[in-house]
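Trainee: Could you walk me through reading a structure like this one? I would like the general idea each time, and then the case in front of us.

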Amino acid sequence: MPDRKPLISGNWKMNLNHFEATATLDKLRYLLTKDDYEAVDVSVHPPFTDIRTVQTFLESEKVPIALGAQNCHWEEKGAFTGEVAAPMLAKLNVSYVIVGHSERRELFGDTDVWVARKVHAVFKHGMTPILCCGETLEEREGEATHGKVTGQIHAGIEGLTAEQVASMVIAYEPIWAIGTGRTASADDAQQVCGWIREKVAEMKGADAAAAVRIQYGGSVKAANAAELMAQPDIDGALVGGAALDPDEFARIVQHRLG
């Protein structure tokens, strides 16, 4: 298996004000060690109102956690009330941007076309997209998982170069497992992540498929992280609720310790 360094990303969603964000990170930095950072890349994705505070904390305290964002608009500026542009995030030294999260797709109407535009915007401004894909419970029970997920991947990477795809992150997050306490079995998660890698190989070549990092997201906890991460096509985790608890999130990062 190629040496793909795992990426554990904490998606805080609409939680933690900037005071709470600082307190959370202050505790997390004492829980993680140099060995942890050498074994695993770590990113946190706070709400937009926290990003400057989190940036200042991570940089001033020299904490080797990458700063991430949860979304962006595809335009660089304009009359888009409530939106945040990719160059604004880049100016705050954001490294990773989540694009096409199922909550954006399901609750706010993000389409495959919009998601693809956002992926391009993130790359244009020197950041790395975490492209999300996943199926609903109805689609899963209707045996439509493969079609849904590979369709989302096709739309998301079609206009990219092989080199861009090799450098990005793809997150498989079954919608039925997000925030429900239900988790795909390690075998189920591996099967879909394997399909994703096969789709990348089909579209962009074996080298891109071998290099792209694929995360699993959906009720990831310390108790199931090691089993999920042991799968050959799972290269990290996109963590939701558990990322709000520094102790739990640290144990997910330290999954290799058992």
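Trainee: Let me start with a single residue: does Ala-155 count as buried, partly exposed or exposed?

Mentor: Good place to begin, and please keep in mind that we are looking at a predicted model. Buried means under 20% relative accessible area and exposed means over 50%, with partly exposed in between. Ala-155 has 22% relative accessibility, so it counts as partly exposed. The residue belongs to helix 8, residues 145–157.

Trainee: Which residues does Ala-155 touch, leaving out those up to four places away in sequence?

Mentor: On that count, Ala-155 touches Asp-112 and Ala-116. You can also compare sequence distance with spatial distance: Ala-155 and Val-113 are 42 residues apart along the chain, while their C-alpha atoms are 7.2 Å apart.

Trainee: Now the overall fold. How do the strands run in the barrel, and with what pairing?

Mentor: The general idea is that strands of a sheet pair through backbone hydrogen bonds, either parallel or antiparallel. Here eight strands form a closed barrel in the order 1-2-3-4-5-6-7-8, and the pairing is parallel. From one strand to the next, the twist averages 25 degrees.

Trainee: How many bridges join strand 6 to strand 7?

Mentor: Strand 6 (residues 169–172) and strand 7 (residues 213–217) run parallel and are joined by four bridges. To see one of them, find Ile-170, whose bridge partner in strand 7 is Ile-214. Strands 2 and 3 are also parallel, with two bridges between them. There, Ser-43 has Ala-66 in strand 3 as its bridge partner.

Trainee: Which way do the residues of strand 3 point?

Mentor: In a regular strand the side chains alternate between the two faces of the sheet. In strand 3, Ala-66 and Gly-68 point one way, Leu-67 and Ala-69 point the other way, and all of them are buried.

Trainee: Let's turn to salt bridges. How many salt bridges are there by the distance rule?

Mentor: The idea is that side chains of opposite charge can pair when their charged atoms come close. The cut-off is a side-chain nitrogen of Lys or Arg within 4 Å of a carboxyl oxygen of Asp or Glu. By this rule the structure has 19 salt bridges.

Trainee: Where do Glu-76 and Lys-124 lie in the chain?

Mentor: Their side chains form a salt bridge with an N to O distance of 2.6 Å. The pair links distant parts of the chain, 48 residues apart: Glu-76 sits in the loop between strand 3 (66–69) and helix 4 (86–90), and Lys-124 in helix 6. Glu-76 is partly exposed because its relative accessibility is 35%, whereas Lys-124, at 61%, counts as exposed.

Trainee: How many residues apart are Glu-248 and Arg-251?

Mentor: Both are in helix 13, three residues apart, which is about one turn of the helix. Their closest N and O atoms are 2.9 Å apart, and the two form a salt bridge. With 16% relative accessibility, Glu-248 counts as buried, while Arg-251 is partly exposed at 44%. Elsewhere, salt bridges that share partners join Arg-4, Arg-197, Asp-233 and Asp-235 into one network.

Trainee: What about pockets: which residues lie nearest the centre of the largest pocket?

Mentor: Look at both the space and the lining. The largest pocket holds about 550 Å³ of space. Its lining has 17 residues, and Lys-13, Met-14, Gln-70, Arg-104 and Phe-108 lie nearest the centre. Helix 5 (residues 102–108) gives the largest share of that lining, four residues. Arg-104 also forms a salt bridge with Asp-110, at 3.8 Å between the closest N and O atoms. Arg-104 is partly exposed at 21% relative accessibility, and Asp-110 is buried at 6%.

Trainee: One last backbone check: what is the phi of Leu-16?

Mentor: Leu-16 has a positive phi of about 75 degrees, although it is not a glycine. Leu-16 is in the loop between strand 1 and helix 1 (18–31). Lys-62, also not a glycine, has a positive phi of about 55 degrees. Lys-62 lies in the loop between helix 3 (51–60) and strand 3, and its relative accessible area of 72% makes it exposed.

How values were computed:
Residues numbered from 1 in each chain as written. Predicted model: local features only at pLDDT ≥ 70, side-chain atom pairs only at ≥ 80, totals over all residues. Heavy atoms only, no water. Pairing = 2+ DSSP bridges. Axes fitted to C-alpha atoms, helices over the stretch in contact; angles between N-to-C directions. Buried < 20%, exposed > 50% of the residue type's maximum accessible area, 1.4 Å probe, protein only. 1 Å grid on protein atoms, 1.4 Å probe; cavity = no way out; pocket = protein on both sides within 12 Å on 5 of 7 lines; lining within 4 Å. Points joined across faces, edges and corners; volume = space filled by probe spheres on them. Contact = heavy atoms within 4.5 Å.
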